[in-house]
Amino acid sequence: MTELSPSVSAYRPGPTEEPAEPSTLPVVSAPTVTRSHQYQHAFWFALLLAVALTLGGTAVALGAYTADGQPATVVREYFAALSRGDAAAALGYGTVPAGPTGLLAASTLAAQNSLGPMRDMVVHGVRQHGDTAQVFVTYTVGLRSGPVEVSDTVPVRRHGHGWRLVGSAVGERISPGAGSALAAMAGSAVPTGEFPMFPGAVPVTYNSPDLTLAPDSSVVRFADGGQLSVDAEVTLIGRAAITPAVRGALTACLAGTAANEERCPVPDAVAGVPGSLRGGLTGQPALSFQVAGSAGVITVRGSVPVAGTYQELDENNIARTRTVTSTRLSAWWVSAGLHWDVS
């Protein structure tokens, strides 16, 4: 029903007056509704928003700001944008956290998806409290070192008739850790400080085949607490190179042919005479590996089964021969070379 203009009175017959024929009723024209002003306002709003985002250094898809639907739907669309590498669309589903936006570039998202594609995203539930909600999800990040099953909680809030993510990226305090001098994050040195990042694989590579990201450093998620220490661990390739080197070096020590015999391990590092261990290996070494310091030095510790003897000094500094079935060892692996640790 068209509402009559206030300036026009509706015709009503008097109490003794017969209703007029339809042809004699006053003709009332419906007010003309024009949408040109509405379109103009929408155009200028979109233009100003696009300019503001461009000046801020981050391109954001405007269409995402009008996304309607339930919290689960918005979160599914957000992760779908990440999976297809659409950084601009993903950022449009929420507020971009404060901080330098270099790690939110499309090239960085492409690097994340290359190192660990995101797949099998499932929404398991939504917990809503008024205008806020938490969306519980799982997904898989297909890292080259092996797939990582991720459980995460994505916070969202009501926005107009729909929902948006509280943050369209994760604010992380990044700190370079073990092996970071040999690492690059998205093609540059590992930064220090607060940076927003997309959830998924951490885009770090190493210039040594012996190193890869440690599991605790390999994935960004909303529920990770905002702390990202970029630490390395030893790869299977590195372990495969170091283990035979340890075996070969220890064989030379047992045979008395090592170049630096005085640095060879002995079962008792305090009372044992350096370089006195003789015998042969009877099994494979049991070794542990750890990356120490930013330079990426690998420490190697463990024990090796042997059949042999060594010299030990008693309280009078007199050497006595001891029989051994194993020996402990400690070494460093630096620049593809093994060095015994005698400290």
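Begin by selecting S3 and S4 in this predicted model: the two strands run antiparallel and are joined by four bridges. Within this pairing, His 159 lies across from Gly 162 in S4. Next, select the turn of the hairpin that S3 and S4 form; two residues separate the strands there, and Gly 160 adopts a positive phi near 65 degrees.

Keep S4 selected and display its side chains. Which residues point one way from S4, and which the other way? Gly 162 and Arg 164 point one way, Trp 163 and Leu 165 point the other, and all are buried. In general terms, side chains of a regular strand alternate between the two faces of the sheet.

**The four-stranded sheet**

Extend the selection to S1, S2, S3 and S4, which make up an open sheet in that order with antiparallel pairing. Strand S1 (118-129) and strand S4 (162-165) are the edges; each has a single partner strand, so one side of each is left without a neighbour in the sheet. Viewed along the sheet, neighbouring strands are turned against each other by 30 degrees on average, direction ignored.

Now select strand S2 (residues 132-143) together with strand S3 (residues 146-159). These strands run antiparallel, and twelve bridges join them. To locate one position in the pairing, select Thr 132, which stands opposite Arg 157 in S3.

Add helix H2 (residues 71-83) to the view. This helix packs on the sheet and touches S1, S2, S3 and S4. The direction of H2 makes about 155 degrees with that of S1.

**The largest pocket**

Move next to the largest pocket, which holds about 520 Å³ of space. Select Leu 143, Arg 144, Ser 145, Thr 212 and Leu 213: of the 24 lining residues, these are the closest to the centre of the pocket. Which elements give two or more residues to this lining? They are strand S9 (204-206), strand S10 (211-213), strand S13 (232-234) and helix H5 (236-255). Colouring the lining by class shows 13 nonpolar, six polar and five charged residues.

**The second largest pocket**

The second largest pocket has a volume of about 320 Å³. Its lining comprises 16 residues, and those to select nearest its centre are Pro 265, Val 266, Ala 269, Asp 341 and Val 342. By class, this lining contains nine nonpolar, three polar and four charged residues. Strand S17 (residues 319-334) supplies the largest share of the lining, namely three residues.

From the pocket, follow S17 to its partner, strand S18 (residues 337-340). The two strands pair in the antiparallel sense over four bridges. Trp 332 is found opposite His 339 in S18. S17 and S18 form a hairpin with two residues between them, and Ser 335 in the turn has a positive phi of about 50 degrees.

**The whole chain**

Finally, select the entire chain and colour by secondary structure. How many helices and strands are there? The chain has five helices and 18 strands. Switching to a colouring by burial, one finds that buried residues account for 37% of the 343 residues. For a contact map, consider the contacts between residues at least 6 apart in sequence: 58% of these join residues at least 24 apart.

Conventions
Residues are numbered from 1 along each chain as its sequence is written. This is a predicted model: local features need pLDDT of at least 70, side-chain atom pairs count only at pLDDT 80 or more; totals for chains, interfaces and linings use all residues. Side-chain values use heavy atoms; hydrogens and water are left out. On a 1 Å grid over the protein atoms alone, a cavity is a set of points where a 1.4 Å probe fits but cannot get out, and a pocket is an open set with protein on both sides within 12 Å along at least five of seven lines; lining residues have an atom within 4 Å of a point. Grid points are joined across faces, edges and corners, and a volume is the space filled by probe spheres set on the points. Ala, Val, Leu, Ile, Met, Phe, Trp, Tyr, Cys and Pro count as nonpolar, Asp, Glu, Lys and Arg as charged, and the others, Gly among them, as polar. Two strands pair if DSSP finds at least two bridges between them. Axes are lines fitted to C-alpha atoms, for helices over the stretch in contact, and angles run from 0 to 180 degrees between N-to-C directions. Contact means heavy atoms within 4.5 Å. Buried means under 20% relative accessible area, exposed over 50%, partly exposed in between (1.4 Å probe, protein chains only).
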